[in-house]
Amino acid sequence: MSIYWKHPKDPDEEIVLTVDFSQELETGETLSGTPTVTITSNEDATPAITNGSASISGDGVLVPVMDGLNGATYFIKVVCETSTTGKVLSITGGLRVRKGS
């Protein structure tokens, strides 16, 4: 599954993105374990924009991010286990970084 965050992030901002897995979970199923986050960008050779560890919050995963190269788009892939044995979910989201005026 792929998503895009509606609003670009300013390079000076430190924000927490929410990756919502609710549409992928069955009734009574929960996220579990430790989510992993992989970040790539075609414009930034060193896309290190995470600001701490990702964490589960209800049906979502919180991903703290900071910095970023003005004009770049970052693809943030979040992978998380569920309470169903052997079921692992993955969502990739696109985040644009644009300097505000």
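Two strands count as paired if DSSP finds at least two bridges between them, and with that meaning Y74 has L95 in strand 7 as its bridge partner. The model is a predicted one, and the points below follow its open sheet of four strands, one residue of strand 6, T73, and the three salt bridges that a search of the whole structure finds.

**The sheet and its order**

- Four strands make up an open sheet whose order is 1-7-6-3, and the pairing within this sheet is mixed.
- Strand 1, covering 2-4, and strand 3, covering 31-41, are the edge strands, each of them pairing on one side only.
- From one strand to the next, the twist averages 20 degrees.

**Pairing around strand 7**

- Strand 7 (residues 88-96) pairs with strand 6 (residues 73-82) in the antiparallel sense, and nine bridges are counted between them.
- Among the residue pairs that can be named here, F75 has G94 in strand 7 as its bridge partner, while Y74 is matched with L95 of strand 7.
- The hairpin of strand 6 and strand 7 has five residues between the strands, and in this hairpin G86 adopts a positive phi near 85 degrees.
- Strand 1 and strand 7 run parallel and are joined by three bridges, with I3 standing opposite G93 in strand 7.

**The surroundings of T73**

- T73, which lies in strand 6, counts as buried because its relative accessibility is 12%, and the cut-off for buried is under 20%.
- When neighbours within four places in sequence are left aside, T73 is in contact with Y4, T40, S41, N42, E43, L95, R96 and R98.
- One of these contacts, L95, is also the bridge partner of Y74 in strand 7.

**The salt-bridge network at K99**

- D10, D12 and K99 are linked in a network of salt bridges.
- Within this network, the side chains of D10 and K99 meet in a salt bridge at 3.8 Å, N to O; because D10 lies in the loop between strand 1 and strand 2 (14-20) and K99 in the segment after strand 7, the pair ties together parts that are 89 residues apart in sequence.
- D12 also forms a salt bridge with K99, with the closest N and O atoms 2.3 Å apart; since D12 lies in the loop between strand 1 and strand 2 and K99 in the segment after strand 7, this pair ties together parts that are 87 residues apart in sequence.
- The members of the network fall into opposite and intermediate classes of accessibility: D10 is buried, with a relative accessible area of 15%, D12 counts as exposed at 58% relative accessibility, and K99 counts as partly exposed at 45%.

**The salt bridge between E29 and K87**

- E29 forms a salt bridge with K87, and the closest N and O atoms of this pair are 3.0 Å apart.
- The pair links distant parts of the chain, with E29 in the loop between strand 2 and strand 3 and K87 in the loop between strand 6 and strand 7, 58 residues apart.
- E29 is buried, having a relative accessible area of 7%, whereas K87 counts as partly exposed at 24% relative accessibility.

Key:
Residues are numbered from 1 along each chain as its sequence is written. This is a predicted model: local features need pLDDT of at least 70, side-chain atom pairs count only at pLDDT 80 or more; totals for chains, interfaces and linings use all residues. Side-chain values use heavy atoms; hydrogens and water are left out. Helices (H or I, at least four residues) and strands (E, at least two) are DSSP runs, numbered from the N terminus. Axes are lines fitted to C-alpha atoms, for helices over the stretch in contact, and angles run from 0 to 180 degrees between N-to-C directions. Buried means under 20% relative accessible area, exposed over 50%, partly exposed in between (1.4 Å probe, protein chains only). Contact means heavy atoms within 4.5 Å. A salt bridge is a side-chain nitrogen of Lys or Arg within 4 Å of a carboxyl oxygen of Asp or Glu.
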